[in-house]
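Here is a friendly walk through one protein model, from a loop to its sheets, helices and inner space. Keep the sequence and the 3D view open as you read.

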Amino acid sequence: MNGAKSSSATATTGTVEAPSPYRGRFAPSPSGTLHFGSLVAAVASFVDARAAGGQWLVRIEDLDPPRERPGAADQILFTLERLGLAWDGPVLRQSTRSDAYSLALERLRHEGRIRECRCARAALAALPENVRRAAGDDLFHPSACISGPDDGSLLRALRFRVPDHEVEFRDRVQGAIRINVAATVGDFVLRRKDGLYAYQLAVVVDDEEQGITHVVRGADLLQSTPRQVLLQQALGLRGVEYMHVPLVVNASGLKLSKSSDAPGLAAAPAALQVVAALRFLGQEPPEVLGEATVDEVLDWAVSNWHPERFAGMAFAAAPT
């Protein structure tokens with residue numbers, strides 16, 4: 001899990017002793033209905049919060065209208081209710097939060113932490129650092145924009161100026177993580193050329209707004225965490241505790257994805273689906289829970305929650 005190293009100093013931050021009480025969250029994007037991978041992340045974050053006697057919030061990450069599917073957000077909320085995953089307080093929708101993201105950008109701009117970028121994605125993809133990256137991976141951007149003809153467009157992305165040092169944090173199950181963001185992804189986007197705010201900025205601002213103390217999510221987001229730590233530092237925000245649970249992959253080893261039409265949750269009883277998620281997470285629910293109600297399954301899970309059973313696991317295949 002380690003990124004490329006730099007000879008410069010190491011920044012040790014991002015994981016601080018979180019304030020009490022525990023506040024966790026589940027933050028799906030409405031690019032499709034929930035699949036088994038989403039269920040695993042939702043169950044893990046819910047059970048972890050309840051096992052700590054904390055609150056569990058839901059946030060809809062509807063930052064990217066072109067990728068959204070009509071009705072998906074409501075379907076996600078309906079599915080969570082059907083699965084017995086009752087959240088606390090109102091649902092926060094990122095589409096209502098533009099003013100907060102704008103204020104954060106202005107603060108970063110004032111402190112010289114932002115630069116404009118006119119690089120095209122195709123040009124970045126052609127860089128030696130990017131030619132071997134898998135489709136959908138974040139592209140590396142050098143510390144300066146690629147030289148080339150200017151098409152005269154006024155559209156510019158806004159990128160965060162990444163310091164050249166390692167970021168270190170301790171994940172609750174993945175252990176110590178050290179990544180040099182400057183060497184792995186470089187200056188990353190905070191606002192796209194089309195004016196849409198990027199995930200990295202929004203998630204940090206919203207975690208602060210909602211008082212989130214613990215983030216439990218899939219291991220596919222582990223590489224994003226150092227970027228979020230850097231933004232927390234730059235904006236003077238509180239750190240949070242991170243736990244990245246095993247990522248669910250298909251038979252080909254690829255991440256299940258709503259946007260790539262991963263199969264939605266079957267019409268099986270909610271209790272059986274939650275039991276399947278718990279087994280994937282190594283929680284060893286007894287066979288008798290297959291005949292229990294979903295509330296009984298969740299009560300058992302909260303009383304018998306052992307995250308250490310999936311410590312160090314980055315991914316696993318979906319059950320067949």
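Let us begin in a loop. Leu-289 sits between helix 8 (270–280) and helix 9 (294–303), in the loop that links the two. Please keep in mind that this is a predicted model. Is Leu-289 buried or exposed? Its relative accessibility is 8%, and because buried means under 20%, Leu-289 counts as buried. Setting aside its neighbours within four places in sequence, Leu-289 has contacts with Val-275, Glu-296, Val-297 and Trp-300. Take Val-275 as one of these partners: Leu-289 and Val-275 are separated by 14 residues in sequence, while their C-alpha atoms are 7.4 Å apart in space.

**The sheets**

Next, turn to the strands. One open sheet has 3 strands in the order 2-3-4, and its pairing is parallel. Strand 2 (23–26) and strand 4 (92–93) are at the edges with a single partner strand each, so one side of each has no neighbour in the sheet. Strand 3 (residues 55–60) runs parallel to strand 4, and 2 bridges join them. If you would like a residue pair to look up in the viewer, Ile-60 has Arg-93 in strand 4 as its bridge partner.

Helices pack here too. Helix 1 (residues 36–51) packs on the sheet and touches strand 2 and strand 3, with its direction at about 145° to that of strand 3. Helix 6 lies across strand 2, strand 3 and strand 4, and it also runs at about 145° to strand 3.

Another open sheet of 3 strands follows the order 5-6-9, this time with antiparallel pairing. Its edge strands are strand 5 (114–117) and strand 9 (189–191), each of which pairs on one side only. Direction ignored, neighbouring strands of this sheet are turned by 45° against each other on average. Strand 6 (residues 157–160) pairs with strand 9 in the antiparallel sense over 2 bridges, and Leu-158 has Arg-191 in strand 9 as its bridge partner.

Further along is strand 10 (residues 214–218), which is mostly covered, with 5 of its 5 residues buried. Strand 10 runs parallel to strand 11 (residues 241–245), and 5 bridges join the two. Within this pairing, His-214 stands opposite Glu-241 in strand 11.

The strand pairs described above can be set side by side:

| Strand pair | Sense | Bridges |
|---|---|---|
| strand 3 and strand 4 | parallel | 2 bridges |
| strand 6 and strand 9 | antiparallel | 2 bridges |
| strand 10 and strand 11 | parallel | 5 bridges |

**An enclosed helix**

How many of the 11 residues of helix 7 (residues 225–235) are buried? The count is 10, so helix 7 is largely enclosed by the rest of the structure. The buried residues of helix 7 include Thr-225, Pro-226, Arg-227, Val-229 and Leu-235. Just after helix 7 comes Gly-236, which takes a positive phi of about 70°.

**The cavity**

Finally, look inside. The model has 1 cavity of 30 Å³ or more, and the largest cavity has a volume of about 40 Å³. Which residues line the largest cavity? They are Val-204, Asp-207, Glu-208, Ile-212, Gln-232, Leu-237, Arg-238 and Val-240. By type, this lining is made up of 4 nonpolar, 1 polar and 3 charged residues. Helix 6 (residues 199–209) gives the most to the lining, with 3 residues. Gln-232, also in the lining, is one of the buried residues of helix 7.

Notes. Residues numbered from 1 in each chain as written. Predicted model: local features only at pLDDT ≥ 70, side-chain atom pairs only at ≥ 80, totals over all residues. Heavy atoms only, no water. 1 Å grid on protein atoms, 1.4 Å probe; cavity = no way out; pocket = protein on both sides within 12 Å on 5 of 7 lines; lining within 4 Å. Points joined across faces, edges and corners; volume = space filled by probe spheres on them. Helix = DSSP H or I, 4+ residues; strand = E, 2+ residues; numbered from the N terminus. Nonpolar A, V, L, I, M, F, W, Y, C, P; charged D, E, K, R; others polar. Pairing = 2+ DSSP bridges. Axes fitted to C-alpha atoms, helices over the stretch in contact; angles between N-to-C directions. Contact = heavy atoms within 4.5 Å. Buried < 20%, exposed > 50% of the residue type's maximum accessible area, 1.4 Å probe, protein only.
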